[in-house]
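Please look over the structure shown here before turning to the notes on its sheets, helices, pockets and backbone details. The notes are meant to be read alongside the coordinates, with each group of bullet points taken in turn.

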Amino acid sequence: MPACDAALPAFSKRPWKHTVASPIIVATGFANHRGRDLILPPGTDQWALGKFAYGVADKDLKDEEVDIWLNRDCGSSWEKLGTALTTEETTGHPAIEGAVDTGGRIYFKIPSSAALGIGRHRIRMVVAGDLSGADQIIEVVPVGTTYFVTDVDGTLTSKETEEYSAILTGSVSDANPDAGKALSLLAQKGYRPFYLTARPEFLVGRTREFVSVKGFPAGPVHTTFELGATGGAAVSFKKAELEELMGRGFKVAYAFGNTASDADSFFLVGIKPDDHRVFYQFTDAAHGGRRIEAYTDLLGEFGALTKPCQ
């Protein structure tokens, strides 16, 4: 999987459209922008999707210009695709890829003349007024491509609530021993990663940082669009996400979790065989998934795998 870490070009700042309101919003705190990763088959609409907000209160930036830049195929160069305006609550843009228009969003349809081919691509969305930005990964892959899906909190992090303390200290959450090694083996064999967490949307950036810093294979990240989800809400969210992925013709060969909501969602979408639904220190008594005590237990098995059938 390409790193997609090409150096950013030199961006040019432009004046705010709203010379009073926008600087006040920016002054509320740090930029907490985020892009929505996409997994798409060829021939479907491709969108740059982002949310632009500031500070702990997550204050939306409204009706301001955001430039859309593309790092095609995660290569070494960048191309500018165009400019979009962040929405207001009254804009009422139709939801795209589940992103409901609650304000501060951009919806930029990539023109057919710049359509992304099969591969991994990075979008950088840059606020013209202060040059803060957000990343989005778009994977365009053939129908039949095989993925593995994994929860994050408690499944990959050392405990379910690890991220709360990590936020307070400004650190990166600890990972369970050998979790990165086990999932990297799957990725090396051709199973593509998909990180599916019921965390709130504003933690997209920190989730990507965790994946990178702790040695997990690069892959798309999806969170909820809300303030997180637990229990039945988490089941509904993950079930819908997996049904969308599988409905586009992609396969899910393995699923990793650590709670009953993970077990329910993986079972309901029909991930088979049972021992490919893998749960870290959790017993799936309801559906018969596989319990592991440590990711070390998977290293030999995953190392011996062949590439998935297409």
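What follows is a briefing, grouped by topic, on a model that is predicted.

The lead points concern open space and sheet architecture. The largest pocket has a volume of about 610 Å³, while the second largest pocket holds about 500 Å³ of space. Five strands make up one open sheet with mixed pairing, and three strands make up an open sheet with antiparallel pairing.

**The five-strand sheet**

- The strands of this open sheet follow the order β2-β10-β9-β6-β7, and their pairing is mixed.
- Because β2 (38-40) and β7 (79-85) each have a single partner strand, they stand at the edges, and one side of each is left without a neighbour in the sheet.
- On average, and with direction ignored, neighbouring strands of this sheet are turned by 25° against each other.
- Within the sheet, β6 and β9 run antiparallel and are joined by six bridges; W69 has R124 in β9 as its bridge partner.

**The three-strand sheet**

- The order in this open sheet is β1-β3-β8, and the pairing is antiparallel.
- Its edge strands are β1 and β8 (105-109), each of which pairs on one side only.
- Strand β3 (residues 47-51) runs antiparallel to β8 and is joined to β8 by five bridges, and A48 stands opposite F108 in β8.
- In general, the strands of a sheet pair through backbone hydrogen bonds, in either a parallel or an antiparallel manner.

**The largest pocket**

- The volume of the largest pocket is about 610 Å³, and of the 26 residues that line the largest pocket, D135, I137, G205, R208 and S212 are the closest to its centre.
- At least two lining residues come from each of β1 (34-35), β9 (119-127), β10 (133-140) and α4 (204-213).
- The element that gives the most to this lining is α4, with six residues.
- By class, the lining of the largest pocket divides into eleven nonpolar, seven polar and eight charged residues.

**The second largest pocket**

- About 500 Å³ of space lies in the second largest pocket, and among the 19 residues that line the second largest pocket, those closest to its centre are R34, D58, E201, F202 and L227.
- The lining of the second largest pocket has eight nonpolar, four polar and seven charged residues.

**The enclosed cavity**

- Rolling a probe the size of a water molecule over the atoms shows where empty space is left.
- One cavity of 30 Å³ or more is held by the structure, and the space in the largest cavity is about 80 Å³.
- Of the 14 residues that line the largest cavity, G35, R36, R105, E201 and F225 are the closest to its centre.
- The elements that give two or more residues to the lining of the largest cavity are β1, β3 and β8, which are the strands of the open three-strand sheet.
- This cavity lining has seven nonpolar, two polar and five charged residues.
- E201 is named among the residues closest to the centre of the largest cavity, and E201 is also named among those closest to the centre of the second largest pocket.

**Packing of α5 and α6**

- Helix α5 (residues 231-247) packs with helix α6 (residues 260-268) at an angle of about 35°, and their axes are 8 Å apart.
- The crossing of these two helices, α5 and α6, is right-handed.
- On the α5 side, G231, A234, V235, K238, K239 and L242 take part in the contact, where they meet S261, D262, D264, S265, F266 and L268 of α6.
- The contact of α5 with α6 has, by class, five nonpolar, three polar and four charged residues.

**Backbone details in loops**

- The peptide bond that runs from K272 to P273 is cis, with omega near -5°, and P273 is found in the loop between α6 and β15 (277-280).
- D63, a residue other than glycine, has a positive phi near 55°, and D63 is found in the loop between β5 (59-60) and β6 (65-71).

Note on methods
Residues numbered from 1 in each chain as written. Predicted model: local features only at pLDDT ≥ 70, side-chain atom pairs only at ≥ 80, totals over all residues. Heavy atoms only, no water. 1 Å grid on protein atoms, 1.4 Å probe; cavity = no way out; pocket = protein on both sides within 12 Å on 5 of 7 lines; lining within 4 Å. Points joined across faces, edges and corners; volume = space filled by probe spheres on them. Helix = DSSP H or I, 4+ residues; strand = E, 2+ residues; numbered from the N terminus. Nonpolar A, V, L, I, M, F, W, Y, C, P; charged D, E, K, R; others polar. Axes fitted to C-alpha atoms, helices over the stretch in contact; angles between N-to-C directions. Left-handed = near helix turned anticlockwise from the far one by under 90°. Contact = heavy atoms within 4.5 Å. Pairing = 2+ DSSP bridges.
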